[in-house]
Amino acid sequence: MSEKKITTFVIVGIIAALVIAVFISPFASSFPDGLEKVAENFGFLEKAQNVVNDDIFLMPDYTFDVVSSPLWQGSLAGLFGVLIVAAVFGIIYLVYKAATRNKNG
Amino acid sequence: MHIPDGFVDLKTVITTSIFSAGGLGASIYRVKKIFKAKTIAIMGVLAALIFALQMINFSIPGGTSGHLLGGALSSIVVGPFGGSIILTVVLIVQALIFNDGGITALGANIFNMALIGVFSSYLIYYFIRKISKSKINFYIAIAVASWFSVVFASFFAALELGMSGTYAMGITLKAMILVHMVIGIGEAVITTAIIAFVDRIRPDLILTNERSL
């Protein structure tokens, strides 16, 4: 596969992820998930305790609280989450590039 | 299925962390051999997509919801070693930035979703694919592998809760497996749809089509 085709795929893929995280996530079900439901039914949900202060999380519970609209809080949290995850692999790519360059040179 | 802090005790945290670190180390070692720019690009896009799709909870009967885990999606596209790294990155970002899944439970969550979910789905997919090369068998393999990956992951999540004494082992196991047998159907539908779509337009992106990884 040519470099150009990889680039096209990455752009399309990241845009798809952003669309899902920004525009579809507001429609997600707000029911508890399987584990939460089981914990709720058996009465051990309150055992869920953060070991660290809630303030250390940048966007706790997918809430970007710089904006006030709850709709945008979730969407923007999704947007930044996708970009952060993609950036991790961007860094891996740069490290890989640097490592292979050293090997060849 | 992200376990929060407080649901797993110290011995479970340590045990699952050791298993996860070992499994992840093996995955990094194996993936380095197949590392190419293309592999990293596909892994990055998959990780971004799985993160986004994990935000999309779908309702199931009984006032409960589920979302894609992506273990089967990632293992069938890039193989189990790359797949476990994809899921681990997603889980770490969720735990550290979004408070989704506890920080002390990270080892357990990585074990359940990034190792059990990924490797069980790959093994099931691999053996069903061996039966026949037909397209219909390809779709069946994806769907069955996806369903089992969720059920197996929920089994281990429940096992860890039971081990920790959070609630009675037998009851937790039964409840967790039953609810994830339903959520697993969603996993199977979404995963099969995505892989079938990619296989139609860009089969070269499904790396396990070319060789087993």
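Are α1(B) and α5(B) parallel or oblique to each other, and what should be selected to find out? Keep that in mind while the tour starts with the whole model, which is a predicted one.

**Stop 1: chain B**

Select chain B and colour it by secondary structure. Seven helices and two strands should appear. Read from the N terminus, the order of elements is α-α-β-β-α-α-α-α-α. The radius of gyration of chain B is 16 Å, and the globule rule gives 17 Å for 213 residues, so chain B is as compact as a globular protein of that length. Along the principal axes, the C-alpha atoms of chain B fill a box of roughly 45 × 35 × 30 Å. Buried residues account for 59% of the 213 residues in chain B. Of the contacts in chain B with a separation of 6 or more, 73% are between residues 24 or more positions apart.

**Stop 2: helices α1 and α5 of chain B**

Now for the opening question. Select residues 10-34 of chain B, which form helix α1, and then residues 106-131 of chain B, which form helix α5. The two axes are 7 Å apart and the helices pack at an angle of about 45 degrees. An angle between 35 and 65 degrees falls outside the parallel and perpendicular ranges, and α1(B) and α5(B) are therefore oblique to each other. Their crossing is left-handed.

Show the side chains where they touch. From α1(B) come Thr12(B), Val13(B), Thr16(B), Ser17(B), Phe19(B), Ser20(B) and Gly23(B). From α5(B) come Gly107(B), Ala108(B), Ile110(B), Phe111(B) and Leu115(B). By class, this contact has six nonpolar, six polar and no charged residues.

**Stop 3: Arg129(B)**

Stay on α5(B) and select Arg129(B), which lies in this helix. Is Arg129(B) buried or exposed? It counts as buried, because it has 20 C-beta neighbours inside 10 Å, and 20 is the number at which a residue is called buried. Apart from neighbours within four places in sequence, Arg129(B) is in contact with Asn137(B), Phe138(B) and Ala141(B). For a distance to try in the viewer, pick the C-alpha atoms of Arg129(B) and Phe81(B): they are separated by 19 Å, with the two residues 48 apart along the chain.

**Stop 4: helix α3 of chain B**

Select residues 71-78 of chain B, which make up helix α3. How many of the eight residues of this helix are buried? The count is eight of eight, and the helix is mostly covered. The residues are Gly71(B), Ala72(B), Leu73(B), Ser74(B), Ser75(B), Ile76(B), Val77(B) and Val78(B). They pack against α2, α4, α5, α6 and α7 of chain B. Move on to Gly79(B), which follows α3(B) and has a positive phi, near 95 degrees.

**Stop 5: helices α2 and α4 of chain B**

Select residues 37-54 (α2) and 80-98 (α4) of chain B. Their axes come within 9 Å and cross at roughly 45 degrees, which makes α2(B) oblique to α4(B). This crossing is right-handed.

On the α2(B) side, show Thr39(B), Met43(B), Leu46(B), Ala47(B), Ile50(B), Phe51(B) and Gln54(B). They meet Gly82(B), Ile85(B), Ile86(B), Val89(B), Val90(B) and Val93(B) in α4(B). The contact of α2(B) with α4(B) consists of ten nonpolar, three polar and no charged residues.

**Stop 6: chain A**

Hide chain B and select chain A. It has three helices and zero strands, in the order α-α-α from the N terminus. Its radius of gyration is 19 Å, whereas a compact globule of 105 residues would have one near 13 Å. The C-alpha trace of chain A spans about 60 × 30 × 30 Å along its principal axes. Of the 105 residues in chain A, 24% are buried.

Select helix α2 of chain A, residues 34-41. Its buried residues are Gly34(A), Leu35(A), Lys37(A), Val38(A) and Ala39(A). Bring chain B back: β2, α6 and α7 of chain B are among the elements that cover them. Just after α2(A) is Gly43(A), with a positive phi of about 75 degrees.

**Stop 7: where the chains touch**

With both chains shown, select the contact between them. Chain B gives 53 residues and chain A gives 50 residues. On the chain B side, the elements that give two or more residues are α2, β1, β2, α4, α6 and α7. The largest share of that side, 13 residues, comes from α2(B). By class, the chain B side has 33 nonpolar, 16 polar and four charged residues.

Key. Residues numbered from 1 in each chain as written. Chains lettered and ligands numbered in written order. Predicted model: local features only at pLDDT ≥ 70, side-chain atom pairs only at ≥ 80, totals over all residues. Contact = placed C-beta atoms within 7 Å. Helix = DSSP H or I, 4+ residues; strand = E, 2+ residues; numbered from the N terminus. Nonpolar A, V, L, I, M, F, W, Y, C, P; charged D, E, K, R; others polar. Rg over C-alpha atoms; globule rule 2.2 N^0.38 Å. Buried ≥ 20, exposed ≤ 12 C-beta atoms within 10 Å, placed from the backbone. Axes fitted to C-alpha atoms, helices over the stretch in contact; angles between N-to-C directions. Parallel < 35°, antiparallel > 145°, perpendicular 65-115°, else oblique. Left-handed = near helix turned anticlockwise from the far one by under 90°.
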